[in-house]
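Me: I should like to go through the terms used for this structure and ask what justifies each of them. Please set each value against its criterion before concluding.

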Amino acid sequence: MTTSIHITALDGIINVNSLFTLAVFLGLAWNPSEPNNSFITDPNSPCAASRAVVENLVAFHVYSFSSFLFSSLLALALKQALRIAKSGDVSDHIRHVPEFFTHINKDLVRVGMLVSGLGSVCGCICLMLALINVVQFKLGALSCGSGHSLAAVIPLVIFVPIGLLIYVCVVLYAFTR
């Protein structure tokens, strides 16, 4: 029963990370230097995004991508290890499977799931920061006090942390059980 719960949780992490990884990958393919990508028509406007915003945009996309990929790979490895261990004493039947994989330490699985969840949280935070930079690039810098930029960013910085807080609480609850 516990193994199927762990595998289901790992499947959830993998599925969500896959969607976010695809979104981040598509975001990396976006070309911010194309003139039609911003609603700020005057590049010399004080509300136009600086070069640092564009650099941060790319950097946060890469950080997010690497966090989601790390989390997914770790979850896949844990899922495979659980399946090998669940199938019985595989090392007697298959010579190339080390004895280590047939006896999985539950604490190691729990820590691995926690680290995988942490990777997802880091990826979400970096994705949120990348989206804030997208908003600044398209609608104007937050320092200008643009109403459109603030209207786009405020829900983002409220709802994403609330969702992450709920996610972290559930993961920590599962970790302690």
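Reply: A residue is called exposed when its relative accessible area is over 50%, buried when that area is under 20%, and partly exposed in between. The model is a predicted one. Phe 159, in helix H4 (residues 147-176), has a relative accessibility of 59% and therefore counts as exposed.

Me: What makes Phe 159 part of a nonpolar patch on the surface?

Reply: Membership requires over 30% relative accessible area, no salt bridge, and nonpolar side chains joined within 5 Å. Phe 159 has 59% relative accessibility, so the first condition is met. The patch is formed by Phe 159 with Leu 150, Ile 154, Val 157, Ile 158, Ile 162, Ile 166 and Val 170. Their accessible area together is about 720 Å².

Me: Which overall fold description applies to the chain, in terms of helices and strands?

Reply: The chain has four helices and zero strands, and its elements run α-α-α-α from the N terminus on. Of its 177 residues, 33% are buried. The accessible surface comes to about 10700 Å², with 70% of it belonging to carbon and sulfur atoms. Among contacts between residues at least 6 apart in sequence, 77% join residues at least 24 apart.

Me: Why is Thr 21 called buried?

Reply: The limit for that term is under 20% relative accessible area. Thr 21 has 13%, so the term buried applies. Thr 21 is located in helix H1 (residues 2-29). Leaving aside residues up to four places away in sequence, Thr 21 touches Phe 65, Phe 68 and Leu 69.

Me: How do you know that the side chain of Thr 21 is close enough to the backbone oxygen of Asn 17 for a polar contact?

Reply: The distance limit for such a pair of N or O atoms is 3.5 Å. A polar atom of the Thr 21 side chain lies 2.6 Å from the backbone oxygen of Asn 17, so the pair is within the limit.

Me: Which residues make up the largest nonpolar core, and what makes a set of residues a core?

Reply: A core consists of buried residues of nonpolar kinds joined through side-chain atoms within 4.5 Å. The largest one has nine residues: Ile 7, Leu 10, Ile 13, Ile 14, Ala 75, Leu 78, Leu 82, Val 109 and Met 113. H1, helix H2 (51-86) and helix H3 (106-139) each supply at least two of them. H1 gives the most, with four residues. Another core, of six residues, lies apart from it and includes Val 24, Val 121, Leu 127 and Leu 164. In soluble globular proteins, nonpolar side chains tend to be buried together.

Me: What does Ile 7 touch, not counting residues up to four places away in sequence?

Reply: Ile 7 touches Lys 79, Leu 82 and Arg 83.

Me: Why is the pair of Lys 79 and Asp 11 called a salt bridge?

Reply: The criterion is a side-chain nitrogen of Lys or Arg within 4 Å of a carboxyl oxygen of Asp or Glu. The closest N and O atoms of Lys 79 and Asp 11 are 2.3 Å apart, so the pair qualifies. It links distant parts of the chain, with Lys 79 in helix H2 and Asp 11 in helix H1, 68 residues apart. Lys 79 has a relative accessible area of 14% and is therefore buried, whereas Asp 11, at 25%, is partly exposed.

Me: How many salt bridges does the whole structure hold, and what makes the pair of Arg 51 and Glu 55 one of them?

Reply: The search finds three. In the pair of Arg 51 and Glu 55 the N to O distance is 3.6 Å, so the 4 Å limit is satisfied. Both residues lie in helix H2, four residues apart, about one turn of the helix. Arg 51 is exposed at 64%, and Glu 55 is partly exposed at 46%.

Me: How do you know that Asp 107 and Arg 110 form a salt bridge?

Reply: Their closest N and O atoms are 3.5 Å apart, so they too fall within 4 Å. Because they are three residues apart in helix H3, about one helical turn separates them. Asp 107 has a relative accessible area of 46% and Arg 110 has 23%, so both are called partly exposed.

Key: Residues numbered from 1 in each chain as written. Predicted model: local features only at pLDDT ≥ 70, side-chain atom pairs only at ≥ 80, totals over all residues. Heavy atoms only, no water. Patch = residues over 30% accessible without salt bridge, like charges linked within 9 Å, V, L, I, M, F, W, Y side chains within 5 Å. Areas by Shrake-Rupley, 256 points an atom, 1.4 Å probe, with all protein chains shown as cover. Helix = DSSP H or I, 4+ residues; strand = E, 2+ residues; numbered from the N terminus. Buried < 20%, exposed > 50% of the residue type's maximum accessible area, 1.4 Å probe, protein only. Polar contact = N/O pair within 3.5 Å; in protein donor to acceptor, adjacent residues only side chain to side chain. Contact = heavy atoms within 4.5 Å.
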